[in-house]
Amino acid sequence: GNLQAESALLGSLLIENSLVDKVSDIVAMGDFFAPVHGRIYRAILRLYANNEIASPVSLRPLFEDDDALQDVGGAAYLSKLTGNSAVLIGTVDYAKQIAEFSRLRKAREAMQAALARLEDMEQMPKIGEIQGDLEAKLWAAQDNTEAKKLRAPEEIVWSTIERVKRGQTKVVGACNKFITDIDKLLGPLEPGTFNLLAARPAMGKTATAVSLAYGYAANAHPSLYLHAEMTGEQMDMRSTANLAFAMNAGLTHEKLRSGDLTPAELRKLQELAVASKTLPIDFYE
């Protein structure tokens, strides 16, 4: 990957936030070679979407616990990104180059995986399967999407063996910080799965869903909550009450709805707003 192009793109976006509109459809967080650059990019997009200024100052509290950023200079690195205003000229070109390097990496990884399967004589590689898998991955790399493929039973079993090995050494999936019983009942929330929460009306589905989303975000797992069952203001009060309960702020939904807050409780609410700023969760009405 071209780290200079990545730094230049981030610098131009921090200097001129409106350039996000020109590059957000070209390059994604996962296209960055340096993971910390991808996280900085996502933070910029999130602040911009919330009509907040994205700058080294506003990003700093979001990355205080990011070890990778500390390794490259911490907050000073964020300021360094904006050191050259000339980067504004090639913003779109930087984005295109980063996306192209991402496609090339995916293509290279696909070919390396195919070569490794060809060399694994113990598994008696089948040329047709390897060819089909390689072609699917190369097409996906060209479109910058995830490849889908046909899989043989033997491959499924070996994949399961690898999954078992990973599960023996670490937790696979996202754990919930607020509703820990969900992990005991269903296990961690694993990537690529679709989980349906269902119940009769007035059983607390929305409250549970919001609390789950906040709980995963509190464990640094990015979350997106989409809703269409109530107005944005109503959802704001509901989700704030859930977060206040999880953080022991003692602010009920009834109090928020009636506005019956003491000065001390209002200060708690303001403190809750500051504390929630670093949570990687967005709500979409």
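In this predicted model, helix 11 has 14 residues, which at 1.5 Å a residue should span 20 Å, and its end C-alpha atoms are indeed 20 Å apart, in agreement with that expectation. Because 10 of the 14 residues are buried, helix 11 is largely enclosed by the rest of the structure. The buried positions are T206, V210, S211, L212, A213, Y214, G215, Y216, A217 and A218, and what covers them includes helix 10 (181-186), strand 1, helix 12 and strand 2. After the helix comes A220, whose phi is positive, near 70°.

Helix 12 (residues 232-246) can be checked in the same manner: its 15 residues should span 21 Å at 1.5 Å a residue, and the end C-alpha atoms are 21 Å apart, which agrees. Its buried residues are G232, M235, S239, A241, N242, L243 and A244. The cover over these residues includes helix 11 (205-218), strand 1 (223-226), helix 13 (253-258), helix 14 (263-275) and strand 2 (281-284). Just after helix 12, N248 takes a positive phi of about 60°.

The two helices are set side by side below.

| Helix | Number of residues | Expected span | Distance between end C-alpha atoms |
|---|---|---|---|
| Helix 11 | 14 residues | 20 Å | 20 Å |
| Helix 12 | 15 residues | 21 Å | 21 Å |

Another part of the model brings in strand 2 (281-284) by way of an arginine. R46 lies in helix 3 (residues 35-49), and with a relative accessible area of 16% R46 counts as buried, because the cut-off for that class is under 20%. Which residues does R46 touch, once those up to four places away in sequence are set aside? They are K277, L279, P280, I281 and D282. With D282 there is also a polar contact of 3.1 Å, which joins the side chains of R46 and D282.

The surface offers a contrasting case in I127, a residue of helix 8 (residues 127-143). Is I127 buried or exposed? At 54% relative accessibility, I127 counts as exposed, since that class begins over 50%. Together with L115 and L118, I127 forms a nonpolar patch on the surface, and the accessible area of these residues together is about 270 Å².

Technical notes:
Residues are numbered from 1 along each chain as its sequence is written. This is a predicted model: local features need pLDDT of at least 70, side-chain atom pairs count only at pLDDT 80 or more; totals for chains, interfaces and linings use all residues. Side-chain values use heavy atoms; hydrogens and water are left out. Helices (H or I, at least four residues) and strands (E, at least two) are DSSP runs, numbered from the N terminus. The expected span of a helix is 1.5 Å times one less than its number of residues. Buried means under 20% relative accessible area, exposed over 50%, partly exposed in between (1.4 Å probe, protein chains only). Contact means heavy atoms within 4.5 Å. A polar contact is a pair of N or O atoms within 3.5 Å; within protein, one must be able to donate a hydrogen and the other to accept it, and residues adjacent in sequence count only if both atoms are side-chain atoms. Patches are made of residues with over 30% relative accessible area and no salt bridge: like charges are joined within 9 Å, nonpolar side chains (Val, Leu, Ile, Met, Phe, Trp, Tyr) within 5 Å. Accessible areas come from the Shrake-Rupley method with a 1.4 Å probe; for residues, only the protein chains shown count as cover. A salt bridge is a side-chain nitrogen of Lys or Arg within 4 Å of a carboxyl oxygen of Asp or Glu.
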